[in-house]
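Work through the exercises below with the sequence and the coordinates at hand. Each task is followed by a solution in steps.

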Amino acid sequence: MSQSTQHKNPKLIVVVAFDRGEDGELFPAFGPADQQSEDRAIRTARALAAKHVGVIAWSRDADPTLGDYGPPTTLFVSGDVPDME
């Protein structure tokens, strides 16, 4: 199939905010929440950054029907977040 007729995969765009438990371990306090656009994900993450110890917004090309996911691209990160696998 040529590039001009091939459909572009949709993007998975996610925001997750983290807090620390009494044991010091990070845990998701908000999300993962799907976002409609990368701009919205960044705005949401910036707003959450003042309220949580860490926030990350990321995106990746995704075709959930095939289970095909591209590498993640970090859009915004603030504070302490776990390593992305």
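The model is predicted.

**Exercise 1. Salt-bridge network**

Task: Determine which residues are linked in a network of salt bridges.

Solution.
- Step 1. Lys11, Glu38 and Asp61 are linked in such a network.
- Step 2. Take the pair of lysine 11 and glutamate 38: their side chains form a salt bridge with an N to O distance of 3.4 Å. Lysine 11 belongs to strand β1 and glutamate 38 to helix α1, and the two are 27 residues apart.
- Step 3. Take the pair of aspartate 61 and lysine 11: here the salt bridge has an N to O distance of 3.9 Å. Aspartate 61 sits in strand β3 and lysine 11 in strand β1, 50 residues apart.
- Step 4. Check the distances against the cut-off: a salt bridge requires a side-chain nitrogen of Lys or Arg within 4 Å of a carboxyl oxygen of Asp or Glu. The value of 3.4 Å for lysine 11 and glutamate 38 is listed as a salt bridge, and so is the value of 3.9 Å for aspartate 61 and lysine 11.
- Step 5. Classify the exposure. Lysine 11 has a relative accessible area of 41% and is partly exposed. Glutamate 38, at 28%, is partly exposed. Aspartate 61, at 32%, is also partly exposed.

**Exercise 2. The pair of arginine 20 and aspartate 80**

Task: State how many salt bridges the structure holds, and describe the one that arginine 20 forms.

Solution.
- Step 1. The structure holds three salt bridges.
- Step 2. The partner of arginine 20 is aspartate 80, with 2.9 Å between the closest N and O atoms. Because arginine 20 lies in strand β1 and aspartate 80 in the segment after β5 (73–79), the pair ties together parts 60 residues apart in sequence.
- Step 3. Arginine 20 has 40% relative accessibility and is partly exposed. Aspartate 80 has 37% and is partly exposed.

**Exercise 3. A buried aspartate**

Task: Is aspartate 19 buried or exposed, and which side chain does its own side chain meet in a polar contact?

Solution.
- Step 1. Locate the residue: aspartate 19 is part of strand β1.
- Step 2. Aspartate 19 is buried and has no salt bridge. The nearest side chain of opposite charge is that of arginine 20, 8.8 Å away.
- Step 3. The side chain of aspartate 19 makes a polar contact of 3.0 Å with the side chain of histidine 52.
- Step 4. List the surroundings. With neighbours within four places in sequence left aside, aspartate 19 contacts Glu25, Leu26, Phe27, Ala29, Lys51, His52 and Val53.

**Exercise 4. The nonpolar cores**

Task: Find which residues make up the largest nonpolar core, and which elements each supply at least two of them.

Solution.
- Step 1. The largest nonpolar core has nine residues: Ile13, Val15, Ala17, Ala41, Ala45, Leu48, Val55, Ala57 and Phe76.
- Step 2. At least two residues of this core come from each of β1 (11–20), α1 (38–49) and β3 (54–63).
- Step 3. Apart from this core lies another, of five residues, including Val14, Val16, Phe18 and Trp58.
- Step 4. Examine phenylalanine 76. Not counting residues up to four places away in sequence, phenylalanine 76 touches Ile42, Ala45, Arg46, Ala49, Val55, Ile56 and Ala57.
- Step 5. Examine alanine 41, in helix α1. Alanine 41 is buried, at 0% relative accessibility. Residues up to four places away aside, alanine 41 touches Ile13, Val15, Gln35, Ala57 and Leu75. The C-alpha atoms of alanine 41 and serine 59, which are 18 residues apart along the chain, are separated by 9.0 Å.

**Exercise 5. The chain as a whole**

Task: Describe the secondary structure of the protein chain, then place alanine 62 in it.

Solution.
- Step 1. The protein chain has one helix and five strands, in the order β-β-α-β-β-β along the sequence.
- Step 2. Of its 85 residues, 27% count as buried. The chain exposes about 5900 Å², of which carbon and sulfur atoms supply 49%.
- Step 3. Among contacts in the protein chain with a separation of 6 or more, 51% are between residues 24 or more positions apart.
- Step 4. Alanine 62 lies in strand β3 and is buried, with a relative accessible area of 3%. The C-alpha atoms of alanine 62 and proline 10 are separated by 5.7 Å, with their positions 52 residues apart along the chain.

Notes: Residues are numbered from 1 along each chain as its sequence is written. This is a predicted model: local features need pLDDT of at least 70, side-chain atom pairs count only at pLDDT 80 or more; totals for chains, interfaces and linings use all residues. Side-chain values use heavy atoms; hydrogens and water are left out. A nonpolar core is a set of buried Ala, Val, Leu, Ile, Met, Phe, Trp, Tyr and Cys residues joined through side-chain atoms within 4.5 Å. Buried means under 20% relative accessible area, exposed over 50%, partly exposed in between (1.4 Å probe, protein chains only). Helices (H or I, at least four residues) and strands (E, at least two) are DSSP runs, numbered from the N terminus. Contact means heavy atoms within 4.5 Å. Lys and Arg count as positive and Asp and Glu as negative; His and the chain ends are not counted. A polar contact is a pair of N or O atoms within 3.5 Å; within protein, one must be able to donate a hydrogen and the other to accept it, and residues adjacent in sequence count only if both atoms are side-chain atoms. Accessible areas come from the Shrake-Rupley method with a 1.4 Å probe; for residues, only the protein chains shown count as cover.
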